[in-house]
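Here are a few exercises to work through with the model open beside you. Try each task before you read its solution.

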Amino acid sequence: MLPFGLTEYKARLEKTKESMSDQGIDVLLITNPANMNYLSGYDGWSFYVDQMLIVISDEDQPIWIGRKMDAKAAEATTWLYKDNIIPYPEDHIQNDLKHPMDFIAKILTQIGQSKRKIGVEMGSYYFSALAYEKLKSNLPNAQFSDATLLVNYVRLIKSEKEIEYMKRAARIAGIGMQAAVESIQEGVRECDVAANIYSGLISGTPEYGGDYPSIVPLLPAGKNTSTPHLTWTDRKYTNNEMVLIELAGCHQRYHSPLARTVSIGKPADKALETSKILVEGLNTALDKVKPGITCEEVELAWNTVISKHGISKDSRIGYSIGLNYPPDWGEHTASLRKGDHTVLQPNMAFHLIPALWFEDYGIEITESFRVTETGCEVLTDFERGLIVKDHLQAII
């Protein structure tokens, strides 16, 4: 079931250990499921309970520790020896008297790791304050440090196989977007559009299927297009309103996001004009991308375009993407924004999202791209521009 060869997993592990050494870390405790997957292949919907991948600087393989009923999933999806898959008892689940970190600390003590320099993912969604306190109380002689993004930065430059999966995800994103555009009509319920999107995203293509994306389709409509992160209701669309569609195709847990804006009926002149400015800025930003350019310089190219039209935007216009699990498809590393001096390198991948939100409406038109040796390759393939629907006709 492994989506990559053993050689690639071992190379990832060695790069992680190099970063550990640079930060003075002997033992890395990983709770972010994307990082667990990246290094071991582990893939299961078990991140709602405590689980961990332990990387030890002088050991050849990581150790997976998780819930007993999930141990078979670890055997099925990882490249680890069975002895490196250690389940904790079921009575540690949601028990005020026992905690999985008590068990994990005991294992670390038994294998001689209780007095070492231990890195933990302090900023991980999946590592609670209680988990940290349990580790500290059970390992009083350990030296803890924050290693939240250590593996995330190792993931920043993709392999050719990872890019292949992202291209597949991009094709799936287009299928989901097409389903959305075809479904959105006056009198249609928002929830039915969401259902059609999911059908496309999961079915994928005849050659390869889709996976569940880390974020649900975002579908604000009407005045709610002034904010980006609303989902759907069971209300029916009306004529002369706009709908924002932001979604992502997902394949082997790799994501390629895509956003477009649909107008049911003729859009307001200001919305149409804004969409043209946005596309001009998006194209200018894409043209700027190449190895050696900083993230900040890409944002500046976009900002130069909108500034001449009297528009300002204080949020970032993009972020690194790739492998992930809910609740986010972003990698939390490089961002396309002022002040980010990350230098672009081949096979970095980003979601370029130069969207604009105003008091009573918004426009989203985005692309996912990878940095190439000479510029960039847009992964998604969907006509750019405000999509205007007149009854049953879609005019782009």
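Two strands count as paired if DSSP finds at least two bridges between them. Helices (H or I, at least four residues) and strands (E, at least two) are DSSP runs, numbered from the N terminus. This is a predicted model, in which local features need pLDDT of at least 70, side-chain atom pairs count only at pLDDT 80 or more, and totals for chains, interfaces and linings use all residues. Residues are numbered from 1 along each chain as its sequence is written, and side-chain values use heavy atoms, with hydrogens and water left out.

**Exercise 1. Find the residue that stands opposite L247, and work out how its strand is paired and covered.**

Step 1. Go to β7, residues 241–251, which pairs with β8 in the antiparallel sense over 11 bridges. L247 faces L258 in β8.

Step 2. Look at the link: β7 and β8 make a hairpin with 2 residues between them, and Q252 in that turn has a positive phi of about 55°.

Step 3. Now try the other partner. β8 also pairs with β16 (residues 387–390), this time in the parallel sense over 3 bridges, and S263 sits opposite V388 there.

Step 4. Check the cover, where buried means under 20% relative accessible area, exposed over 50%, and partly exposed in between (1.4 Å probe, protein chains only). In β8 (residues 254–264), 11 of 11 residues are buried. In a regular strand, side chains alternate between the two faces of the sheet. One side of β8 has Y254, S256, L258, R260, V262 and I264, the other has H255, P257, A259, T261 and S263, and all of these are buried.

**Exercise 2. Which residues of α1 are buried, and what do they pack against?**

Step 1. Get the helix's length: α1 (residues 6–22) has 17 residues and reaches 25 Å from its first C-alpha to its last, close to the 24 Å expected. That expected span is 1.5 Å times one less than the number of residues.

Step 2. Pick out the buried set: Y9, R12, L13, T16, K17 and M20. Seen down the axis of α1, they fall within an arc of 140°, so they line one face; the arc is that of the directions from the helix axis to the C-beta atoms.

Step 3. Turn to the face pointing away from the buried side, and you'll find the exposed residues T7, E18, S21 and D22.

Step 4. List the neighbours, with contact meaning heavy atoms within 4.5 Å. The buried residues pack against elements including β1 (27–30), β2 (52–56), α7 (160–183) and β8.

**Exercise 3. Work out the strand order of the open sheet of 6 strands.**

Step 1. Read across: the order is β4-β3-β2-β1-β5-β6, with mixed pairing.

Step 2. Spot the edges, β4 (85–88) and β6 (143–146), each of which pairs on one side only.

Step 3. Take the twist, which averages 25° from one strand to the next. Axes are lines fitted to C-alpha atoms, for helices over the stretch in contact, and angles run from 0 to 180 degrees between N-to-C directions.

Step 4. Zoom in on one pair: 4 bridges join β3 (residues 63–67) to β4, and the two run parallel. I65 has I86 as its bridge partner in β4.

Step 5. Add a helix: α4 (residues 100–110) packs on the sheet, touching β1, β2, β3 and β4, and its direction makes about 140° with that of β4.
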